[in-house]
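Colleague: Could you take me slowly through the sheet of this predicted model and what packs on it? I am new to reading structures and would like one connected account.

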Amino acid sequence: MIAEIRRTYTFEAAHRLPCVPDGHKCGRVHGHSYRVTVHLRGSVQCAGPEAGMVVDFGRVDAAVKPLIATLDHRPLNEHPDLYNPTSEIIARWLVVSLRGLLPMLHAVTVSETERSEVFVLACDVEGEGDR
């Protein structure tokens with residue numbers, strides 16, 4: 001059986017978008033309460049320590065939490081990979097960072113407000129060199 005599991009994380013951070021036109025409100029420093037959902041898809045294991053699971057949520061946490069910690073309560077523009085820290089760029093960075101750790105990674109969702117989120121399929125993101 002194939003199943004998709006999801007694990008959600010939150011962080012608080014400030015950013016500004018340097019590529020927007022002059023006068024755009026997002027060009028000024030502002031903050032968000034971000035929500036990140038990591039989607040994993042794969043076969044439900046039949047045996048072993050993860051029998052009945054796609055992957056243990058503890059393994060997911062071990063991969064994701066250190067990445068979230070590098071973003072939490074920080075100015076995202078100072079992150080070396082997030083010069084233009086849109087939700088799309090944050091999701092892409094998470095996909096690239098996680099795919100080697102979680103081979104069953106299917107997608108990442110990043111929400112910066114209650115009404116706006118981006119969903120990025122892992123298969124649609126190439127390696128680090130395509131920025």
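Modeller: In this predicted model, a good place to begin is the pairing of strand β1, which covers residues 2-15, with strand β2, which covers residues 30-43; these two strands run in the antiparallel sense and are joined over 14 bridges. Two positions let you follow this pairing with your eye: E4 stands opposite R41 in β2, and Y9 has V36 of β2 as its bridge partner.

The pairing of β1 and β2 also holds the aromatic pair of the model, for a search of the whole structure finds one such pair. It is formed by F11 and Y34, whose rings are stacked, with 4.7 Å from centre to centre and 5° between the planes. Because F11 belongs to strand β1 and Y34 to strand β2, this pair ties together parts that are 23 residues apart in sequence.

Strand β1 has a further partner in strand β3, residues 74-75, and here the sense is parallel, with two bridges between the strands. If you look for these positions, you will find R74 of β3 as the bridge partner of A13, while A14 stands opposite P75 in β3.

Turning to strand β2 again, you can see that β2 pairs with β4 in the antiparallel sense over six bridges, and that H39 has A107 in β4 as its bridge partner. The residue A107 is a useful landmark, since it leads on to the next strand: in β5, the bridge partner of A107 is L121. Strands β4 and β5 are themselves paired in the antiparallel sense over six bridges, and a hairpin of two residues joins β4 to β5.

Put together, these pairings give an open sheet of five strands, in the order β3-β1-β2-β4-β5, with mixed pairing. The strands at the edges are β3 and β5, the latter being residues 116-121, and each has a single partner strand, so one side of each is left without a neighbour in the sheet.

It helps to set this order in the sheet beside the order along the sequence, where the protein chain follows the pattern β-β-α-β-α-β-β. The secondary structure of the protein chain thus comes to two helices and five strands, and both helices can now be placed against the sheet. Helix α1 lies across β1, β2 and β3, and runs at about 20° to β1. Helix α2 also packs on the sheet, where it touches β2, β4, which is residues 105-113, and β5, and its direction makes about 150° with that of β4.

The two helices also meet one another. The axes of α1, residues 57-69, and α2, residues 87-98, come within 11 Å and cross at roughly 135°, and α1 and α2 are therefore oblique to each other. Their crossing is right-handed. On the side of α1 the contact is made by A63, V64 and L67, and on the side of α2 by W93, L94, S97 and L98. When the residues of this contact between α1 and α2 are sorted by character, six are nonpolar, one is polar and none is charged.

As a last step, you may want a sense of the overall extent: along its principal axes, the C-alpha trace of the protein chain spans about 55 × 25 × 25 Å.

Terms used. Residues numbered from 1 in each chain as written. Predicted model: local features only at pLDDT ≥ 70, side-chain atom pairs only at ≥ 80, totals over all residues. Heavy atoms only, no water. Pairing = 2+ DSSP bridges. Helix = DSSP H or I, 4+ residues; strand = E, 2+ residues; numbered from the N terminus. Axes fitted to C-alpha atoms, helices over the stretch in contact; angles between N-to-C directions. Parallel < 35°, antiparallel > 145°, perpendicular 65-115°, else oblique. Left-handed = near helix turned anticlockwise from the far one by under 90°. Contact = heavy atoms within 4.5 Å. Nonpolar A, V, L, I, M, F, W, Y, C, P; charged D, E, K, R; others polar. Phe/Tyr/Trp six-rings, centres within 6.5 Å; stacked < 30°, edge-to-face > 60°.
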